[in-house]
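Visitor: I have a protein model on my screen and little idea where to begin. Could you walk me through it, one feature at a time?

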Amino acid sequence: MAMNNRIPSGELAQKWSTYKSTCKLVNPANKRSIDIIVVGTGLAGASAAATLAELGYSVKTFCFQDSGRRAHSIAAQGGINAAKNYQNDGDSVYRLFYDTIKGGDYRAREGNVHRLAEVSTNIIDQCVAQGVPFAREYGGLLSNRSFGGTQVQRTFYAAGQTGQQLLLGAYSALERQIALGNVTQYSRHEMLDVVTVDGKARGIIAKNLVTGELERHFGHAVLLCTGGYGNVFYLSTNAMGSNVTAAWKAHKKGAFFGNPCFTQIHPTCIPVSGDHQSKLTLMSESLRNDGRIWVPKKQGDTRKPNEIPEEERDYYLERRYPAFGNLVPRDVASRAAKERCDAGYGVGASKMAVYLDYADAIQRYGKIEVGKQGLDNVSKEKIIELGKAVVKEKYGNLLDMYSKITGENPYEVPMRIYPAVHYTMGGLWVDYELMTTVPGLYALGEANFSDHGANRLGASALMQGLADGYFVIPYTIGNYLADEIAVKPIPTDSPEFLAAEKATADRINTLMNIKGTKSVESFHKRLGKIMWDKCGMARNAEGLKEAITEIQALKNEFWSDVKIPGDVNSFNPELDKAGRVADFIELGELMCKDALDRNESCGGHFREESQTEEGEALRDDENYKYVAAWEFKGESNWQLNKEELIYENIKIAARSYK
Amino acid sequence: MEHYNMNLNLKVWRQKNKNDKGSLVDYKVSGISSEMSFLEMIDVLNEKLVADGKDEPIAFDHDCREGICGMCSMYINGRPHGPWAGTTTCQLHMRAFKDGDTIVIEPWRAKAFPVIRDLVVDRSAFDRIIQAGGYISVNTGNAVDANAIPIPKDDADKAFAAAACIGCGACVAACKNASAMLFVSAKVSQLALLPQGKPEAQKRVLDMVAQMDKEGFGSCTNTGACEAECPKEISLENIARLNREFTTASIMSEE
């Protein structure tokens, strides 16, 4: 199949405005008779559904949680980027564009990323208008902070709960449209297939998770806003329910999967505490604004952190990357932590952790407070007390969370952190209009592959989810639907719908009838271990080949020995999880295949065969400057399609943060 | 902190569906680490139930396991979200318990939150209350520049503190009247404190309170149980603010 990314021609800065002025429109009367299905109610889904309903389309939304407000966007902590330049520190749309392309290690499209940077400013305006309580300065204006991979302050935030506040804003807009009758919401529903008619997406098969019933829903277009697939690793910072099923079903119906191996491993997470671990918890990147990361200079040092004198500490990020220090991008910080731990400098009981230390920040803020409050003859203790109060105001909820999970007090002892799977840059391949290779089927937010290249910068996921939903899809979908206005709703008892429903029911029955001996959870754990060991922070050809063989064997074992309790026609979370794990197993194989194909290191994808003498990632632009778009051809069989990446405005270079 | 393992006696509410009567069932779990989260302890029990094959695993709501999505909802030893203040069930860790403890685990109890299965309840009433007015009516594209209206930091901070509500329903579960006042007041306060929310403030509070009553939540008698058990420590001041907003709106609407 031929791929056309449909990037508009013309000057980079004019592409989006030209597109908006020339794309086809659907008139208000026709919008009322057009149905749109939105799957997922996170930032991308809720913002898209609300905005499309405001425009007059008839929208149905689906989420597996009990309410649209629970989607995992809610857990994003640190902030959202926007090129407002309120700080007068040299920011601009171009700089945000440039930082994002560079941060992504030159594996994202110029056209998409520039559009993202352009609409970033509208997002902040929209959210404030909705009542999102961003942090403010005493003068009443909005506050900003820094994130990794940038040298300006462009991140807007609401304490450590930015995702929650943005999602509640989008959710409130969605609930308003539900009240107005423009949106019908289906909670505790999971999409289990896309229905295509004459090659176009025309609906979905959804399962009512409470009753177990399958339902058929028609739409003139279908939007997948279903998030990322980090849970393929079993342990990740994703929510327990986050899954790839909707995207995977779309993939099997013809949607290409873009750059599946591009995974973001976040450097600052709370380390694994034992075999019981069910998920990992992120400590926001914003903590790297003030915290310093270090390990002992001596291998296997067993002293308590506070007993290790200053001169015997290795602040390895500041040492290796003096220009960006603790604020290097996530992929760089994660690999540096792994390098120190693998070399025997790790800390804590498992030795698989590094310190994130707030002692200096507490001192520094304490002294600033002394100055602000005009105090004289202040004791050391008083300075620390004042400093702790400032740190508590800035990061209190994050430090409290650390304390609850670990039982340690981060105001007194440095936190122990280690990298964990956090985000997937890969996803369904989409063109400039966010349409997949299946006409009428769109992917928004983390579910698509489009804007972050091989590494996403901090505070850019929220920006992209809301950009796609509020400001991109409302235009681009019209360009498609304008030619669909004559299409009458297709009855859901048409052969295509019935066949898709039957295939879904058959698969569920097959799963239930295996009646094997091993729990779904046990298969998921084993898949995660293969993926983490062989397709995690560092990858090599031999390991990836082994992983593919092991995953294929695991798949056979799953389909012959999984044990699912309960029955089909009731609330059965184990059955739902089984379907998701089955899809993760297939995805895991494709991720390894993609990682094996890409014999270069770029961003979060680190091939051990391709590194500099200093151990930095070594790109191979001559051979791999493309998006890998995988086409499903049958079981364990994919065809690679390449979309060449063209840089007309940015001169691509080795990415350096030194 | 020292790690330790423990054996526990659990009494868990089992109920097949909303029409089933339901009852507490005894389970024993052993080798539970003090490092586990409470839900990881339930995971251990569920894996054991799957392996034994006699009883189906216990159904419970959970998702982010970071204390922010509001999905988890257990009533543990008579307290919503268990013994730790300002903590959701998913963030409660087993070091809160000791070897040999008996733990009673029940679903939220409220007429407006019918049980779906075991520990899972239907909280869609909260969505309907938000639909009644928990928003600012601004279509995408209508916004002015974000810094066009300065908002005093104090107001912004108070609005944020109210907006921290995760909609879990612990306030309802804690209240002897199963009142939803803390939930409703948090949203009313957030929007009433901000200039953007003022134009609709009066209609909002009247409509949201009317919907709350329609859903079958009880009346507020100011016992403060909701504030004491709220995992996000939403303040009772919000209820006072809701009452002021409601009174003003009621008087104004009669004119």
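Guide: We will go through domains, chain contacts, the core, a sheet and one buried residue. Keep in mind that this is a predicted model.

Visitor: Let us start with domains. Which domains does chain A have?

Guide: The domain assignment gives two entries for chain A: domain 1 covers 265-420, and domain 2 covers 502-624. Their C-alpha centres are 33 Å apart.

Visitor: How many residues does each domain bring to the contact?

Guide: Domain 1 of chain A brings seven residues, and domain 2 of chain A brings six residues. On the domain 1 side, helix H9 (residues 330-342) of chain A gives the most, with five residues. Look at the classes on that side too: four residues are charged, two are nonpolar and one is polar.

Visitor: Now the two chains. How do people describe an interface?

Guide: The size of an interface is often given as the accessible area lost when the parts come together. Here we count residues instead. Chain B has 67 residues in contact with 63 residues of chain A.

Visitor: Which elements of chain B supply at least two residues each to that side?

Guide: There are helices and a strand: helix H1 (38-52), strand S6 (115-117), helix H2 (124-131), helix H3 (153-163) and helix H5 (181-193) of chain B. H1(B) gives the largest share, seven residues. By class, the chain B side has 33 nonpolar, 19 polar and 15 charged residues.

Visitor: Next, the core. How many residues are in the largest nonpolar core?

Guide: That core has 284 residues. Those with the most contacts inside it are A:Leu223, A:Leu224, A:Leu428 and A:Tyr442. Helix H16 (residues 573-597) of chain A gives the most to this core, twelve residues.

Visitor: Can we zoom in on one of them? What is A:Leu224 in contact with, leaving aside its neighbours within four places in sequence?

Guide: The list includes A:Val39, A:Gly40, A:Ala246, A:Ala247 and A:Ala250. A:Leu428 and A:Tyr442 are also among the contacts of A:Leu224.

Visitor: On to sheets. What should I look for?

Guide: Strands of a sheet pair through backbone hydrogen bonds, either parallel or antiparallel. In chain A, find the open sheet of four strands in the order S16-S10-S20-S21, with antiparallel pairing.

Visitor: Which are the edge strands?

Guide: They are strand S16 (427-428) and strand S21 (637-644) of chain A, and each pairs on one side only. Now move inward. Two bridges join strand S10 (residues 257-258) to strand S20 (residues 626-634) of chain A. In S20(A), A:Ala629 is the bridge partner of A:Gly258, and A:Trp630 is the bridge partner of A:Phe257.

Visitor: How many bridges pair S20(A) and S21(A)?

Guide: Eight bridges, in the antiparallel sense. A:Ala629 has its S21(A) bridge partner in A:Asn641. S20(A) and S21(A) form a hairpin with two residues between them. In the turn, A:Ser636 has a positive phi of about 50°.

Visitor: What packs on this sheet?

Guide: H16(A) does, touching S10, S20 and S21 of chain A. The direction of H16(A) makes about 135° with that of S20(A).

Visitor: One last residue, B:Lys158. Does it count as buried or exposed?

Guide: B:Lys158 counts as buried, because 20 C-beta neighbours lie inside 10 Å. Look for B:Lys158 in helix H3 of chain B. Then find B:Leu24: the two are 134 residues apart in sequence and 41 Å apart in space, C-alpha to C-alpha.

Methods: Residues are numbered from 1 along each chain as its sequence is written. Chains are lettered from A and ligands numbered from 1 in the order in which they are written. This is a predicted model: local features need pLDDT of at least 70, side-chain atom pairs count only at pLDDT 80 or more; totals for chains, interfaces and linings use all residues. Domain bounds come from an automatic or database domain assignment. Two residues are in contact if their C-beta atoms, placed from the backbone, lie within 7 Å. Ala, Val, Leu, Ile, Met, Phe, Trp, Tyr, Cys and Pro count as nonpolar, Asp, Glu, Lys and Arg as charged, and the others, Gly among them, as polar. A nonpolar core is a set of buried Ala, Val, Leu, Ile, Met, Phe, Trp, Tyr and Cys residues joined through C-beta atoms within 7 Å. A residue is buried if 20 or more other C-beta atoms lie within 10 Å of its own, exposed if 12 or fewer, and partly exposed in between; C-beta atoms are placed from the backbone. Two strands pair if DSSP finds at least two bridges between them. Axes are lines fitted to C-alpha atoms, for helices over the stretch in contact, and angles run from 0 to 180 degrees between N-to-C directions.
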